[in-house]
Amino acid sequence: MDSRFDVLIVGSGHAGAQAAIALRQGKFDGTIAIVGDEPELPYERPPLSKEYLAGDKPFERLLIRPAAFWAERAVAMLPGRRVVAVDAAARAVTLEDGGTIGYGELIWAAGGAPRRLVCAGHDLAGVHTVRNRADVDRMMAELPAARYAVVIGGGYIGLEAAAVMTKLGKHVRLLEALDRVLARVAGEPLSRFYEAEHRAHGVDVRLGAMVSCIEGDGSRVTGVRLADGELLPADLVVVGIGIVPAVEPLLAAGAVGGNGVSVDGQCRTTLPHVFAVGDCALHANRFAEGADVRIESVQNANDQASVASKTILGQAVAYYAVPWFWSNQYDLKLQTVGLSTGFDATVLRGDPGARSFSVVYLKQGRVIALDCVNATKDFVQGRKLVLERVVAEVAPLADVARPLAGLVRG
Ligand code: FAD
């Protein structure tokens, strides 16, 4: 064994960083190391498709903590190293370079890798994903020379990238295979609002658009060919079609999982002394009525990391945090609380025309989630409605003169 740590954290993203922070906050006095395949210290990922891509925020301001913080708390940073295998019986991981690191407890916080297109031309220069700093730096280097950009995928990352590139003066086309953007995460009123906003800002939003292939001049992208034959010129393509959870070494070691690695309420995998947290952790979520889900959000990464760390510290905790998320596009701040999956009704609160409103999601008359656009008060007050799954009538929910806080009883 080349080295050994009492707690070894794999992945230096939000969840990995928070796991180490929570351990030290809880007075854990054993050795801790974070091994991550990126060269940087832990940094915030959300600005990558927002202020960082826009050039409004330098990388130094993305760091979750400065270098001195980790040194002062004796958290060993092992950047630029990839874990390729886990041996749960020997309590050791193997790195890509053949080295091994032993552990007392392992926290797997490896997130996920961007899902790639499989069509011809997917690997041409100029075709980008947006997951880490290197991805965005490559894209930013090409942006000044690019005139036509095509974004494939109408989820949050694709929409945010489209908003930034439009602001930078690019001619942007956004392709969504389904019949509305954000179809997997939001109700129709929100989708239609964002489609209209992007169109008003000059984005050519194409719904039901199927990509046939990416065309190039032999090395670099020149366009995107649609299934109906149309060729969209492109100097730059952004692919935002989701992630594949980074769990292969754990599954190969025998952990139960599939679309992520399965964890219990304390974020334990089925392997002894191995926890998993963040984007890669498949867990039964109370706000999804106990269904197994992976949640890709900073909230989930931080809260699950805290639960794993407290469990290691011997505290009795379970993961019950209310899910929340945000997205910034143009001057619109979207804040989401709860999980809208499985809703059977929506209530529109406020006027999308005034660019400040909320969509309230109901299931069997109970509030399960809210999407709040430039409506922070609804977001803050709506949290309690979601937490308590409040039964609410449509009229008071729709009445902006009545604060949501007033709908919580007892
Ligand atoms: P990550 O942050 O992905 O960290 C995992 C780390 O592990 C990475 O550094 C990865 O390279 C490394 N790794 C993977 N495999 C290995 C291995 N085998 N060995 C060593 N290291 C490995 N969430 C929000 O709540 N709001 C937002 O507005 C928002 N915007 C986003 C915008 C973008 C562009 C992206 C990409 C994500 C955004 N998210 C947002 C999602 C949020 O960033 C993620 O949910 C969060 O980063 C998950 O944290 P994590 O620690 O689980 O994974």
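At what angle do helix 1 and helix 8 pack, and how far apart are their axes? The first legend takes that up, and every view here comes from a predicted model.

**View 1. Helix 1 packs against helix 8.**
Here we look at residues 14-25 (helix 1) and residues 298-312 (helix 8), which pack at an angle of about 40 degrees with their axes 8 Å apart. Their crossing is right-handed. Helix 1 brings H14, A15, Q18, A19, A22 and L23 to the meeting, and helix 8 answers with V298, A301, N302, A305, S306, S309 and I312. Sorted by class, the contact of helix 1 with helix 8 has eight nonpolar and five polar residues, and no charged ones.

**View 2. A closer look at S306, a residue of helix 8.**
Zooming in on the contact between the two helices, S306 is one of the helix 8 residues that meet helix 1. Is S306 buried or exposed? S306 counts as buried because its relative accessibility is 15%, and the cut-off for buried is under 20%. Leaving aside residues up to four places away in sequence, S306 touches Q18 and A22, and both of these belong to the helix 1 side of the contact.

**View 3. Strands 12, 13 and 14 make an open antiparallel sheet.**
This sheet has three strands, in the order 12-13-14. Strand 12 (211-216) and strand 14 (231-233) are the edge strands, each pairing on one side only. On average, neighbouring strands of this sheet are turned by 25 degrees against each other, if direction is ignored. Start with strand 12 and strand 13: they run antiparallel and are joined by five bridges. I214 is a handy landmark there, standing opposite V224 in strand 13. Strand 12 and strand 13 also form a hairpin, with four residues between them. In that turn, look for G218, which has a positive phi of about 115 degrees. Moving along the sheet, strand 13 (residues 221-226) pairs with strand 14 over three bridges, again in the antiparallel sense. For this pairing, R225 has L231 in strand 14 as its bridge partner.

**View 4. Strands 17, 18, 20 and 21 make an open sheet with mixed pairing.**
Four strands are lined up here in the order 17-18-20-21. The edges are strand 17 (257-258) and strand 21 (292-293), and each of them pairs on one side only. Which way do strand 18 and strand 20 run, parallel or antiparallel? Strand 18 (residues 260-262) and strand 20 (residues 281-284) run parallel, joined by two bridges. To find your place, pick out S262, which stands opposite L282 in strand 20.

**View 5. S327 sits in strand 22 with polar partners around its side chain.**
S327 belongs to strand 22 (residues 324-329). S327 counts as buried because its relative accessibility is 0%. Its side chain makes a polar contact of 2.6 Å with the side chain of E160, plus another, at 3.0 Å, with the side chain of Q329. Beyond residues up to four places away in sequence, S327 touches K50, Y156, E160, L332, K333 and L334. For a sense of scale, the C-alpha atoms of S327 and V10 are separated by 27 Å, and the two residues are 317 residues apart along the chain.

**View 6. N374 lies in the loop between strand 26 and helix 9.**
The loop in question links strand 26 (366-373) and helix 9 (376-387). N374 is partly exposed, with a relative accessible area of 27%. What does the side chain of N374 reach? It reaches the backbone oxygen of D331, at 3.5 Å. Apart from residues up to four places away in sequence, N374 touches D331, L332, K333, R355 and S356. L332 and K333 turn up in the previous view too, as residues that S327 touches. The C-alpha atoms of N374 and A354 are separated by 9.8 Å, with the pair 20 residues apart along the chain.

**View 7. Q381 in helix 9 has a side-chain link to the backbone of L404.**
Staying with helix 9, this close-up picks out Q381. A polar atom of the Q381 side chain lies 3.1 Å from the backbone nitrogen of L404. Setting aside residues up to four places away in sequence, Q381 touches P403, L404 and A405.

Key: Residues numbered from 1 in each chain as written. Predicted model: local features only at pLDDT ≥ 70, side-chain atom pairs only at ≥ 80, totals over all residues. Heavy atoms only, no water. Buried < 20%, exposed > 50% of the residue type's maximum accessible area, 1.4 Å probe, protein only. Contact = heavy atoms within 4.5 Å. Polar contact = N/O pair within 3.5 Å; in protein donor to acceptor, adjacent residues only side chain to side chain. Axes fitted to C-alpha atoms, helices over the stretch in contact; angles between N-to-C directions. Left-handed = near helix turned anticlockwise from the far one by under 90°. Nonpolar A, V, L, I, M, F, W, Y, C, P; charged D, E, K, R; others polar. Pairing = 2+ DSSP bridges.
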